[in-house]
Amino acid sequence: MSYITVTISELTSEGTGLGFLNGRKVFVPGAFPGETVTLEPVIDKPGYISGRLLEVQKRSPDRIPDFCPVKCGGCSFTALSYEAELRFKSAYLLNLFKDLPGFSEEKYRGITGMPNPFRYRNKAVYVSGWDNAASGEPDLQNRKADTGNERADKRNERIKGNFSRKTADETEDRNEEHGENKGRDNNGHGRFMLGLYERDSHKIIAIPDCLLEPAWMNRARNGLRDLVNETLYGGNSSAEDAREMKIFSENLRYIFLRGAPDGEKSGEADAAFRRCAVLVLRTGNDAASSSAAVPEAVLRLLEKAGIANIAVNFNNDPGNRIFGESFQAVRGGLYAEMPLLGRVFRVRPVSFFQINGEITGLLYDKAIELLDPAPDARIADLYSGIGTISFRLSERARETFGIEVVPEAVRDAERNSEIFGIGNASFYAGRVEDVLPDLVKGGVRFDGVILDPARKGLEESVVNTLAALGVPRIVYISCNPKTQKRDMAWFIKRGYQLECLYAFDMFPHTCHVETVVLLSRAK
């Protein structure tokens, strides 16, 4: 095996170290600019080499001790200082937007990071399976799921199932304590695994403690994994308990967790009530099968982790869609209660809710500050989700109109509107490109618009409609600056100009960055 030594000159947009050797690009995940590294080539093509980092011969001053013992592929920066990570994201944005008409460095107003960039996630999705190293089978479902936990949450356009508008973020590799060869049952199964897929594979890896997730999620995940293995292999369980757990563990496909981080200001008891777990099963589809499908020991464990709302979902479809059509509550309700901007929102599993509540509050307040609605203004909140921005806008504007494609999210918005006693926010289910023209035909005129689309950005028809209306101010929130740039170019061609660009670090330790821009009608 031949090894290569190369000096890293820059980071790619995905956060991978990039160097050059004899005219070829050399990609080295985990290496940073200024470092001289030794790597083992994994892919060796005429135009480039991609390799595994073996040794850092010359270290960057920005390198820190790696905080993660495993590498699931969700995080890009586990050994880079947070200050350097924020510099990278700013440099990436400046380079991306530099050729956009009307853009200048003065219009970039910097990036807002987190004082403590850990334990910020409020949602996670874990895949279950078996360590079948002997048979060569990586897991039972052999599907590459939502490893980003919304993984670095950003919006996945599936209307049903795993509609998570934003994706981008997560972390980890094999945990030796719960590793590959701890035991094997008579049917050839290895240990039960509950974790994330290893980068670029269908191999499930155990996670000792993901530092991006609150402690309660780690307790629930690891506790459930250990409960299954102890019941099946510990020797202290009755034959009936072991049989029941075996049926459940082979039927389990994913577990979805959503809830506030530990230690919310309202108190740990309230935080526990807000938490929700959904056990996604392969078989079953009704209330009777729901109550029988989950062992009581599993329910007790989840409740001990502080999860009051527990449900099952049935999904036997091929592919990597998380949720099927049918949900059944087993304990409590089919929702989580999530704090944001001084309110507590009820959010169902299929509804979008930003992954990082701390940064989201700052981002939304900045967006509304930029829009600066007058007290008599009518504002369109496009891609409105459960109405988090609409409700904040309703405090300053005369009326808000939210449009969202996911019917369940619209129902969440309407329910929350009743709970909050808000009478000046209306919500419409459907695609923005369909509903917006209908509202316009009905005589509605907007004084301002907030856009927060999926990663794919806007349909050009939406830009055409807003431009034809002559909306004076448009604030555009994006989890994908590349598509945002494309859409901004469309707006600029239709008579708008870029006023300013702000960045927010919604997903620390990943290469993703959230941006918000203000566009005004050129005079």
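Visitor: Where should Glu-40 be placed, buried or exposed?

Guide: This is a predicted model. A residue counts as buried under 20% relative accessible area. Glu-40 has 15%, so it is buried.

Visitor: Which side chain meets that of Glu-40 in a salt bridge?

Guide: Start with the general idea. Side chains of opposite charge can pair when their charged atoms come close. Here the partner of Glu-40 is Arg-52, at 2.4 Å from N to O. Arg-52 is in strand 5 and Glu-40 in strand 4 (residues 36-44), so their pairing ties together parts twelve residues apart in sequence. Arg-52 itself is partly exposed, at 46% relative accessibility.

Visitor: How many salt bridges does the structure hold?

Guide: The count is 29. Take Asp-372 and Arg-396, whose closest N and O atoms are 3.1 Å apart. Both sit in loops: Asp-372 between helix 7 (357-371) and strand 16 (378-382), Arg-396 between helix 8 (388-393) and strand 17 (399-404). The pair therefore ties together parts that are 24 residues apart in sequence. Asp-372 is partly exposed at 48%, and Arg-396 is partly exposed at 36%.

Visitor: What distance separates N and O in the salt bridge of Arg-431 and Asp-434?

Guide: It is 2.9 Å. Arg-431 is partly exposed at 43% relative accessibility. Asp-434 is partly exposed too, at 36%. Salt bridges can also share partners, and in that way Arg-343, Asp-365, Arg-392 and Glu-395 are joined into one network.

Visitor: Now the sheet. What is the order of its seven strands?

Guide: Read across the sheet, not along the chain. The order is 9-8-7-10-11-12-13 in an open sheet with mixed pairing. Strand 9 (204-205) and strand 13 (326-331) each have a single partner strand, so one side of each lacks a neighbour in the sheet.

Visitor: How many bridges join strand 7 to strand 8?

Guide: Four, and the two strands run antiparallel. Strand 7 spans residues 123-130 and strand 8 residues 192-197. Look at Ser-128, whose bridge partner in strand 8 is Leu-194. Helix 6 (residues 296-304) packs on the sheet, touching strands 10, 11, 12 and 13. The direction of helix 6 makes about 75 degrees with that of strand 13.

Visitor: Which strands does helix 3 lie across?

Guide: Strands 7, 8, 10 and 11. Helix 3 (residues 239-251) runs at about 80 degrees to strand 10.

Visitor: Last, the surface. Which residues form a nonpolar patch there?

Guide: Val-42, Ile-43 and Tyr-48, with about 250 Å² of accessible area together. Tyr-48 belongs to strand 5 (residues 48-58). Tyr-48 is partly exposed, at 31%.

Methods:
Residues numbered from 1 in each chain as written. Predicted model: local features only at pLDDT ≥ 70, side-chain atom pairs only at ≥ 80, totals over all residues. Heavy atoms only, no water. Pairing = 2+ DSSP bridges. Contact = heavy atoms within 4.5 Å. Axes fitted to C-alpha atoms, helices over the stretch in contact; angles between N-to-C directions. Patch = residues over 30% accessible without salt bridge, like charges linked within 9 Å, V, L, I, M, F, W, Y side chains within 5 Å. Areas by Shrake-Rupley, 256 points an atom, 1.4 Å probe, with all protein chains shown as cover. Salt bridge = Lys/Arg side-chain N within 4 Å of Asp/Glu carboxyl O. Buried < 20%, exposed > 50% of the residue type's maximum accessible area, 1.4 Å probe, protein only.
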